[in-house]
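Welcome! Below are some short exercises, each followed by a solution that goes step by step. Have a look at the model first, then try each task before reading on.

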Amino acid sequence: MVDCAEGTQMQLMRAKINFNKIKAVFISHLHGDHCFGLLGLISSFGLLGRTAPLLVAAPKQLEPIFHQAMPLFCANLGYDVEFMPLDTKKAAVVYDDRTLSVTTIPLMHRVPCCGFLFQEKPTLPHIRRDMIDCYDIPTSQINNIKMGADWVADDGTVVPNGQLVTPADPPRSFAYCSDTKYIPTLHQRFPNVSLLYHESTYDQSYEALAEKYFHSTAAQAAMVARDAGASQLMIGHYSSRFNDEQVLLDEAKAIFPNTILAQEGLVVDVR
């Protein structure tokens, strides 16, 4: 999970997401709309009988407050919570398992802030079922073939591996750029990213305000996506002065056509 505002638990329930599937929570910065729901979520995990450990990765400024609050509000949880302090000024791998790695993205906001780059690890190629059936290859050999082995038939015929598999799906990636002013070099952190989320608080008519309050315009978000060679851009974090976010979408699409608006409950297929 990335960031944990008030109401997060309700949104998880509306989306029918199993709480126990959340292994880690990544907090970008210490403004309330990004972290006020964290302790409540941790407490609810305990009440629901969670036993698996949970990683909380957040700016190091939260660490003393976190350790003070946990005994008061989250005692006797029944599971372990590991706090990982983040240096928001440096890019670093903060999570890694057999399928995914997460790297911090230094950002520029009014308080220490970082984004996160989620990168899927390469997978094995797909087995061609028709070829497996044709050569009556036993199930026990499928993993060897995925790893690159050829198949030798009973009559000595060698079936090249390339005829038995199709290429693996290309690894996907997702860059989450939370509250930040426009950084012209930011795109270098996630070249060819599959999906970029970039805040778009204002349109270009409020560019001076964006600069003053360390936020971005929709056009600036689109420039980051364009320069990164992203496949898709999602913009969000809209100022309340916009009753209709279409103006932000139109501004971004003029620069980067494959842009969508972040909306509550939206499900996106990352490709």
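**Exercise 1. Two paired strands**

In which sense do strand β6 and strand β11 pair, and over how many bridges?

*Solution.* A word on the ground rules comes before the steps. This is a predicted model, in which local features need pLDDT of at least 70, side-chain atom pairs count only at pLDDT 80 or more, and totals for chains, interfaces and linings use all residues. Residues are numbered from 1 along each chain as its sequence is written, and side-chain values use heavy atoms, with hydrogens and water left out.

Step 1: Find the strands. Strand β6 covers residues 114–120 and strand β11 covers residues 173–177. Here helices (H or I, at least four residues) and strands (E, at least two) are DSSP runs, numbered from the N terminus.

Step 2: Read the pairing. β6 and β11 pair in the antiparallel sense over four bridges; two strands count as paired if DSSP finds at least two bridges between them.

Step 3: Pick out one position. Q119 has S173 of β11 opposite it.

**Exercise 2. The sheet around that pair**

Place β6 and β11 in their sheet, and find the strands at its edges.

*Solution.* Step 1: Write down the order. The open sheet has seven strands, β4-β5-β6-β11-β12-β13-β14, with mixed pairing.

Step 2: Look at the ends. β4 and β14 (259–261) are the edge strands, and each has a single partner strand, so one side of each is left without a neighbour in the sheet.

Step 3: Check the twist. On average, neighbouring strands of this sheet are turned by 20° against each other, direction ignored. Axes are lines fitted to C-alpha atoms, for helices over the stretch in contact, and angles run from 0 to 180 degrees between N-to-C directions.

Step 4: Add a helix. Helix α9 (residues 246–253) packs on the sheet and touches β13 (232–236) and β14, its direction making about 165° with that of β14. Contact means heavy atoms within 4.5 Å.

**Exercise 3. The three-stranded sheet**

What is the order of the three strands in the other open sheet, and is their pairing parallel or mixed?

*Solution.* Step 1: The order is β1-β2-β3, and the pairing is parallel.

Step 2: β1 and β3 (81–86) stand at the edges with a single partner strand each, so one side of each has no neighbour in the sheet. The average turn between neighbouring strands of this sheet is 15°, direction ignored.

Step 3: Follow the bridges. β1 and β2 pair over three bridges, and A24 stands opposite L55 in β2. Strand β2 (residues 54–59) and β3 pair over six bridges; P59 has L86 as its bridge partner in β3, while A58 stands opposite P85.

Step 4: Add the helices. α3 packs on the sheet, touching β1, β2 and β3, and its direction makes about 175° with that of β2. Helix α4 (residues 63–73) lies across β2 and β3, at about 165° to β3.

Step 5: Ask how enclosed β2 is. Six of the six residues of β2 are buried, so β2 is largely enclosed by the rest of the structure. Buried means under 20% relative accessible area, exposed over 50%, and partly exposed in between (1.4 Å probe, protein chains only).

**Exercise 4. An aromatic pair**

Describe how the rings of F26 and Y95 meet.

*Solution.* Step 1: Know what to look for. A pair of aromatic rings is described by the distance of the centres and the angle of the planes. Rings of Phe, Tyr and Trp (its six-membered ring) pair if their centres lie within 6.5 Å; planes under 30 degrees apart count as stacked, over 60 as edge-to-face and the rest as tilted.

Step 2: Apply this. The structure holds ten aromatic pairs. For F26 and Y95 the centres are 6.3 Å apart and the planes stand at 85°, so this pair is edge-to-face.

Step 3: Locate the partners. F26 lies in strand β1 (residues 24–26) and Y95 in strand β4 (residues 93–96), so the pair ties together parts that are 69 residues apart in sequence.

Step 4: Look around them. Both F26 and Y95 are buried, and they form one aromatic cluster with F116, F118 and F174.

**Exercise 5. Two buried residues**

Which side chains make polar contacts with those of S44 and T217?

*Solution.* Step 1: S44 belongs to helix α3 (residues 38–47) and counts as buried at 16% relative accessibility. Its side chain makes a polar contact with the side chain of Q9 (2.4 Å). A polar contact is a pair of N or O atoms within 3.5 Å; within protein, one must be able to donate a hydrogen and the other to accept it, and residues adjacent in sequence count only if both atoms are side-chain atoms.

Step 2: T217 is in the loop between α7 (207–212) and α8 (218–228), and is buried with a relative accessible area of 0%. The side chain of T217 makes a polar contact with that of Q204 (2.5 Å).
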